[in-house]
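Welcome! Here are some exercises to try with the structure open beside you. Attempt each task before you read its solution.

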Amino acid sequence: MSRRKSPTGRVAYVDGRYLPHAAASVHIEDRGLQFADSVYEVCAVNGGLLMDEAGHLNRLERSLHELAMELPMQRQALKAVMRETLRRNRLKDGLLYLQVTRGAYRRDHMIPDAKRPSLIVTARAIDPQTYEKRRAEGIAVATVPDIRWGRCDIKTTGLLPNVLAKTKARQAGAYEAWLVDAKGCITEGSSTNAWIVTKDDVLITRDLASNILAGVTRAGVFAALSRAGINAVEERAFTLAEAHAAREAFISSASGGVLPVVRIDGRPVGDGKPGATTLRSHSLYRELAAEEARGRPSGLHGESAEKQPIKRRS
Ligand code: PLP
């Protein structure tokens, strides 16, 4: 196990070794590099707490299962690696990144029978004020056609369409891209789930049956709203026109929690300021996730919030 320090002090875990971040690498024949034959997760670390860990590990296992891949170690051992990576990086606030690739083989499209997956774990510090500023000011989104494949429920590193969409959005002066399907409905963001709040205070986000990623934060927001007795929530497709007519809009993701969307394609959402329902959703979610991270079972992913029945407005 290497104890060499990287100049930045960052340490990465790769297949059993903790290495200076700059020295950590995988083989050039790794199928993650050759074919994006790999899956990943991103967990937030807030004040030293690993948020929504169970939800992320559940989804990682699901992604692996869908691609007939395996975790290279038991879940308990992975949790120990995650904590050790945080410790070695002295990380209090930021992101923990996990990636499992199918491993290195002679290049061939056909999936090999042998199983020798690689595991990469990295950590990156982020000043929490970066996101708090975005939360206070709100962010802009730009719409981009959704050109992704039909298995967006699997969190693979095959992210080129997402990368192109985010880049287009940034070039248009927006922070995030909202992806639009052939029917003119928003599917999700390039790395976030998309929500709107109607004038009647109904929260709407796309249903999981229609080729989006089941966001762990999305599930956490559902659980937090339900715990607070807020049941006016609908899981369904919504159009760009509905989004323009909404009173509020927001995005959810592990990295930023809930962030208000105040402009869509340059047009203000509602009064153009972060909305009360959005900000409440964020604080309810963070409260619930922090309770869970402190070891107080809050129901966040005990029953797997992803599978919880969603109460709909009658
Ligand atoms: N949708 C996409 C396409 C994503 O890449 C992500 C996160 O990376 C999300 C939604 C949000 O998911 P989570 O809340 O689990 O971070």
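## Exercise 1: A residue in a loop

Val202 sits in the loop that joins strand E10 (193–197) to strand E11 (203–205). Keep in mind that you are looking at a predicted model.

**Task.** Decide whether Val202 is buried or exposed.

**Solution.**
- Step 1: Recall the cut-off, which calls a residue buried when its relative accessible area is under 20%.
- Step 2: Val202 has a relative accessible area of 5%, so Val202 is buried.
- Step 3: For a sense of distance, take Trp149, which is 53 residues from Val202 in sequence and 30 Å from Val202 in space, C-alpha to C-alpha.

## Exercise 2: Around the ligand

**Task.** Find how many residues surround the ligand and which are the closest.

**Solution.**
- Step 1: Count the shell, and you reach 19 residues.
- Step 2: Pick out the closest, namely Lys155, Glu188, Val216, Thr217 and Ala254.
- Step 3: Sort the shell by character, which gives four nonpolar, 11 polar and four charged residues.
- Step 4: Look for the elements that supply at least two shell residues each: they are helix H2 (53–66), strand E9 (185–189), helix H6 (216–227) and strand E14 (248–253).

**Task.** State which atoms of Glu188, Thr217 and Ala254 approach the ligand.

**Solution.**
- Step 1: In Glu188, an N or O atom of the side chain is 2.6 Å from a nitrogen atom of the ligand.
- Step 2: In Thr217, an N or O atom of the side chain is 2.6 Å from an oxygen atom of the ligand.
- Step 3: In Ala254, a backbone N or O atom lies 2.8 Å from an oxygen atom of the ligand.
- Step 4: Now turn to surface: the ligand taken alone exposes 390 Å², and the protein buries 93% of that.

## Exercise 3: Checking two helices

**Task.** Work out what span the 12 residues of H6 should have, and compare it with the distance between the end C-alpha atoms.

**Solution.**
- Step 1: The expected span is 1.5 Å times one less than the number of residues.
- Step 2: For the 12 residues of H6 this gives 16 Å, and the end C-alpha atoms are 16 Å apart, so the two agree.
- Step 3: Next, ask how enclosed H6 is: 10 of its 12 residues are buried, so H6 is largely enclosed by the rest of the structure.
- Step 4: Among the buried residues of H6 are Val216, Thr217, Arg218 and Phe222.
- Step 5: After H6 comes Gly229, with a positive phi near 80 degrees.

**Task.** Repeat the check for helix H8 (residues 276–293).

**Solution.**
- Step 1: H8 has 18 residues and should span 26 Å; its end C-alpha atoms are 26 Å apart, so this helix agrees too.
- Step 2: Buried residues in H8 include Thr278, His282, Tyr285 and Glu291.
- Step 3: Just after H8, Gly295 takes a positive phi of about 95 degrees.

## Exercise 4: Polar side chains inside

**Task.** Name the side chains that make polar contacts with the side chain of Ser38.

**Solution.**
- Step 1: Locate Ser38 in strand E3 (residues 38–46).
- Step 2: Its relative accessibility is 0%, so Ser38 counts as buried.
- Step 3: The side chain of Ser38 makes a polar contact of 3.1 Å with the side chain of Gln99, and another of 2.7 Å with that of Thr157.
- Step 4: Leaving aside neighbours within four places in sequence, the residues in contact with Ser38 include Met69, Val100 and Lys155.

**Task.** Find the side chain that makes a polar contact with the side chain of Thr187.

**Solution.**
- Step 1: Look in strand E9, where Thr187 has its place.
- Step 2: Thr187 has a relative accessible area of 5% and is therefore buried.
- Step 3: The partner is the side chain of Asp146, at 2.7 Å.

## Exercise 5: Residues at the surface

**Task.** Classify Ala241 and Pro145 as buried or exposed.

**Solution.**
- Step 1: The cut-off for exposed is over 50%.
- Step 2: Ala241, in helix H7 (residues 240–245), has 55% relative accessibility and so counts as exposed.
- Step 3: Pro145, in strand E7 (residues 139–145), has 52% relative accessibility and so counts as exposed.
- Step 4: Beyond its neighbours within four places in sequence, Pro145 is in contact with Leu179 and Val180.

Notes
Residues numbered from 1 in each chain as written. Predicted model: local features only at pLDDT ≥ 70, side-chain atom pairs only at ≥ 80, totals over all residues. Heavy atoms only, no water. Near = heavy atom within 4 Å. Polar contact = N/O pair within 3.5 Å; in protein donor to acceptor, adjacent residues only side chain to side chain. Areas by Shrake-Rupley, 256 points an atom, 1.4 Å probe, with all protein chains shown as cover. Helix = DSSP H or I, 4+ residues; strand = E, 2+ residues; numbered from the N terminus. Nonpolar A, V, L, I, M, F, W, Y, C, P; charged D, E, K, R; others polar. Buried < 20%, exposed > 50% of the residue type's maximum accessible area, 1.4 Å probe, protein only. Contact = heavy atoms within 4.5 Å.
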